[in-house]
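Trainee: Can you walk me through the words people use when they describe a model like this one? I'd like to know what earns each label.
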Amino acid sequence: MNRNVEVVSFSHQALRGVGAVRVFQNVDPSTFENIATAGHDATARWVWGAATATADWLCERGMEWIQGKRVVEIGAGTGLLGLVAARLGASSVTLTDLPTELPLLRRNLAANVTSHGAGEGACADGVEGTDSSADGGGHCDVRVEACAWGDEQALAALGTFDVVLCSDVLYQNDENTQGALARTMSRLSAPRSGRVLFSYHFRENIIADTPFFQAVEGLFGDPVQHTVAGGGGGGGG
């Protein structure tokens, strides 16, 4: 993770379309300080290592995990992982985060819509953007929506998805927040057929994150664990 660069690019031969997925980071220290002073968590404003490692993992498995699927990313931050999914052939992608984080998501959606020549995408909440596929014969509708973990009204409005993506979002969260995250993953996953990909990078104290993993086991049973080079571990449901 590099906080000193304005734009992070991600490339892989599996991506449809032309060029890399490019996302802006928040590199304005005053903005970061203002957010922190207001009591908001500003860690969403950067691309963390687990996101790029998970994006690589998905690119190697796009046919199985992503192609033709309805995808949602929760705690999307910069939106990198969801935008990669859009370039891997998803039928739709919904990028979600707290209301304070939506301006950056809108900006990154607009940047990638424009870079792939489908300029009809507006980036207000609930308005569709379009990401062209490589052969020009298809598209992925990408949306930006607010969703606080555990917000039943927001979850009901979103519905359910074939694939739920969540990358590197656990960091010094209290037990209630961890439980809300696990329930949100479950609530957004289509019953019986939905899959969840959660990437986790151990940093300081895994014991502090135990409530989340206990909640996941209760909701999903025994998740499959994958080791991902360069970004920590990942769990797939």
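Mentor: Let's start with touching: two residues are in contact when heavy atoms of theirs lie within 4.5 Å. What you see is a predicted model, where local features need pLDDT of at least 70 and side-chain atom pairs count only at pLDDT 80 or more, while totals for chains, interfaces and linings use all residues. Residues are numbered from 1 along each chain as its sequence is written, and side-chain values use heavy atoms, with hydrogens and water left out.

Trainee: Which residues does Val84 touch, then?
Mentor: Leaving aside residues up to four places away in sequence, Val84 touches Phe10, Leu15, Val21, Ala55 and Cys59. Over the chain, 65% of the contacts between residues at least 6 apart in sequence join residues at least 24 apart.

Trainee: What makes helix H4 "largely enclosed"?
Mentor: Two terms first. Helices (H or I, at least four residues) and strands (E, at least two) are DSSP runs, numbered from the N terminus. Buried means under 20% relative accessible area, exposed means over 50%, and partly exposed is in between (1.4 Å probe, protein chains only). H4 covers residues 80–87, and eight of its eight residues are buried, so it earns the phrase. Leu83, Val84 and Arg87 are among them. After H4 comes Gly89, which has a positive phi near 100°.

Trainee: How much of the chain is buried, and how many helices and strands are there?
Mentor: Of the 237 residues, 47% are buried. The chain has eight helices and 10 strands.

Trainee: What makes a group of residues a "nonpolar core"?
Mentor: The members must be buried Ala, Val, Leu, Ile, Met, Phe, Trp, Tyr or Cys, joined through side-chain atoms within 4.5 Å. The largest such core here has 37 residues, and Leu58, Ile66, Val84 and Val93 touch the most other members. Elements giving two or more residues to this core include strand E2 (21–24), helix H2 (49–59), H4 and strand E4 (92–97). Apart from it lies another core, of 20 residues, with Val72, Ala154, Phe161 and Val169 among them. As background, nonpolar side chains in soluble globular proteins tend to be buried together.

Trainee: Why is E7 also called largely enclosed?
Mentor: Five of the five residues of E7 are buried, so the label fits. In a regular strand the side chains alternate between the two faces of the sheet. In E7, Val163, Leu165 and Ser167 are buried on one side, and Val164 and Cys166 on the other.

Trainee: How do you know which strands pair with E7?
Mentor: Two strands pair if DSSP finds at least two bridges between them. E3 and E7 have three bridges, in the parallel sense, and Val72 stands opposite Val164. E7 and E8 run parallel too, joined by five bridges, with Arg195 in E8 as the bridge partner of Val163.

Trainee: Why is the Arg107 and Glu6 pair called a salt bridge?
Mentor: The term asks for a side-chain nitrogen of Lys or Arg within 4 Å of a carboxyl oxygen of Asp or Glu. Arg107 and Glu6 sit at 3.7 Å, N to O, so they pass that rule. The pair links distant parts of the chain, 101 residues apart, with Arg107 in helix H5 (residues 102–115) and Glu6 in the segment before strand E1 (7–10). By this rule the count comes to six salt bridges.

Trainee: Which labels do the partners in the Asp162 and Arg70 salt bridge get, buried or partly exposed?
Mentor: That bridge is 3.1 Å, N to O, and spans 92 residues, from Arg70 in strand E3 to Asp162 in the loop between helix H6 and strand E7. Asp162 has 17% relative accessibility, so it counts as buried. Arg70 has 33%, so it counts as partly exposed.

Trainee: And what makes Phe202, Ile206 and Ile207 a patch?
Mentor: Patch residues have over 30% relative accessible area and no salt bridge; like charges are joined within 9 Å and nonpolar side chains (Val, Leu, Ile, Met, Phe, Trp, Tyr) within 5 Å. Phe202, at 43%, counts as partly exposed, and it lies in the loop between strand E8 (195–200) and helix H8 (210–220). Together the three have about 300 Å² of accessible area, where areas come from the Shrake-Rupley method with a 1.4 Å probe and, for residues, only the protein chains shown count as cover. The chain exposes about 11000 Å², and carbon and sulfur atoms supply 50% of it.
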